[in-house]
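Here is a short guided reading of a protein model, written for someone meeting it for the first time. Please keep the sequence and the structure in view while reading.

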Amino acid sequence: MKPADSYYAASCVYPDRYPPLMDDIETDTCIIGGGLAGVCTALSLAEADTRAVLLEAKHIGFGASGRNGGQVIQDYACGMDKLEQLLGAERAGDLWQWSGEAVDLVEQRVRRYAIDCDWQRGYATVAVKPQHMAALQQWRDTAAQRYGYHGYTEWDHGEVCRHIGSNRYCGALYDTDSGHLHPLNYTLGLAKAAAGQGALLFEQTPAVKLRRQEGLWRVETPQGSVVAQHVVLAVNTFPVRFGFAAADQYRSRYILPVGTYVIATEPLGEWNGDILPGNIAACDTRYVLDYYRKSADGRLLFGGKVNYRQAEPDAETLRRSMRQDMLKVFPQLAEVNIDFVWGGRVDISMNRAPDFRRIGPELYLLQGFSGHGVALTGLAGQVCSEAILGREQRWQVFESIAHRAFPGGILRQPAQMAGLAWHRFLDLL
């Protein structure tokens, strides 16, 4: 499956393209990767009047940033309990506050730069089982008591039926602040904003070698090079090799590429008013979860599945299996056609916490968004730019999160498949 198969590519409103790098240039910071993390870093630096160059091997938004479910969520994939275990209550509280700021930053940039990306607040976590609902209620109380957050509203079965249009769930927790958007248009809109603020963006420009040179970094590309004081690696799960041992080894050991998939129906027509009538986004509480929302033109965008294998599933097989999952939630859509099916890889860390760190002198790494990247990448770019400019307080908090490597060699995939099988079993109980 190619990005061109996605509804997002078919509905893209930003035709801007950037040239390949054809020269040797110097800058303050070179950013490798044109997804949301890289683009947000470039924009934050440009807003601070700092020279930034961004290199993208394909085109802006080619990877997960332009293919994901579009859900803009506060909190972290690992959950706040895990962050308290890793950092303590005070630091975890800071991270919770920053995750809310990350969502607000999305809205601020959409408005400031007039980004046409269908931004909408409103997000529900729907409970498949009573024990899941009990956990959501406990989290609502914890969020209020420990973090001072009062944006959650509990829904019973009847309220879920009205707000979601499905009889599948026993309850839900509705968040007024999280939301959803068109991720490719958002990414391209941010890139346009970064270029407008003075950042230099280059597409079709892979970084093929990274090395130290007289106290600076030299990033070599097929037809040029960039010399910079700082380098930011934001390349998601793509198997890039830079020829710099610390970068190549750390990335390969601490991140796991996981496939996830989305289908888009034809416009819902008569069902449009019944399915998600308030235009919110939703996901369920299972480990292998469903997530969905509506597009601006009234399609249902329905995501799910996980794939730890390197090989991608056949598109038609995936279309049928994803449609079956959708009909479990919305059986009334049995006669609605599927117009698009696509997928991509997200970068999962072992503990599902974000992994932001320095792996060399002035060499920054942004990874481990673990499915929460649409909002968290904006925070990552801002925190990384702060560190580059000498304000390291927030960066040091993220850098203090302890991470473990995934099993290597022949154990890597079997270990993940065993873990997935166990969690699927728990989903069935």
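**Confidence, cores and cysteines**

Averaged over the protein chain, the pLDDT is 92, and 93% of the residues reach 70 or more. The model is a predicted one, and a reader should keep in mind the stretch of residues 418-426, where the pLDDT is below 50. Beyond near neighbours in sequence, that stretch has eight contacts in the model.

With this in mind, we can turn to the interior. The largest nonpolar core is made up of 83 residues, and Y76, L83, L95, Y186, L366 and F398 are those with the most contacts inside it. Helix α10, which spans residues 373-388, supplies the largest share of this core, namely nine residues. To see how one of these residues is surrounded, consider L95: leaving aside residues up to four places away in sequence, L95 touches Y76, L83 and L87, and also V397, F398 and I401. Separate from this core there is a second one, which has 27 residues and includes W155, V160, L333 and V336.

What does a search for disulfides find? Across the whole structure, the search finds zero disulfides. C30, for example, is in no disulfide, and the cysteine sulfur nearest to it, that of C384, is 12 Å away, whereas a disulfide needs two cysteine sulfur atoms within 2.5 Å. The relative accessible area of C30 is 0%, so this residue is buried. C283 is likewise in no disulfide, its nearest cysteine sulfur being that of C170, 14 Å away. C283 also counts as buried, because its relative accessibility is 10% and the cut-off for buried is under 20%.

Definitions and conventions
Residues are numbered from 1 along each chain as its sequence is written. This is a predicted model: local features need pLDDT of at least 70, side-chain atom pairs count only at pLDDT 80 or more; totals for chains, interfaces and linings use all residues. Side-chain values use heavy atoms; hydrogens and water are left out. A nonpolar core is a set of buried Ala, Val, Leu, Ile, Met, Phe, Trp, Tyr and Cys residues joined through side-chain atoms within 4.5 Å. Buried means under 20% relative accessible area, exposed over 50%, partly exposed in between (1.4 Å probe, protein chains only). Helices (H or I, at least four residues) and strands (E, at least two) are DSSP runs, numbered from the N terminus. Contact means heavy atoms within 4.5 Å. pLDDT is the predictor's confidence in each residue, from 0 to 100.
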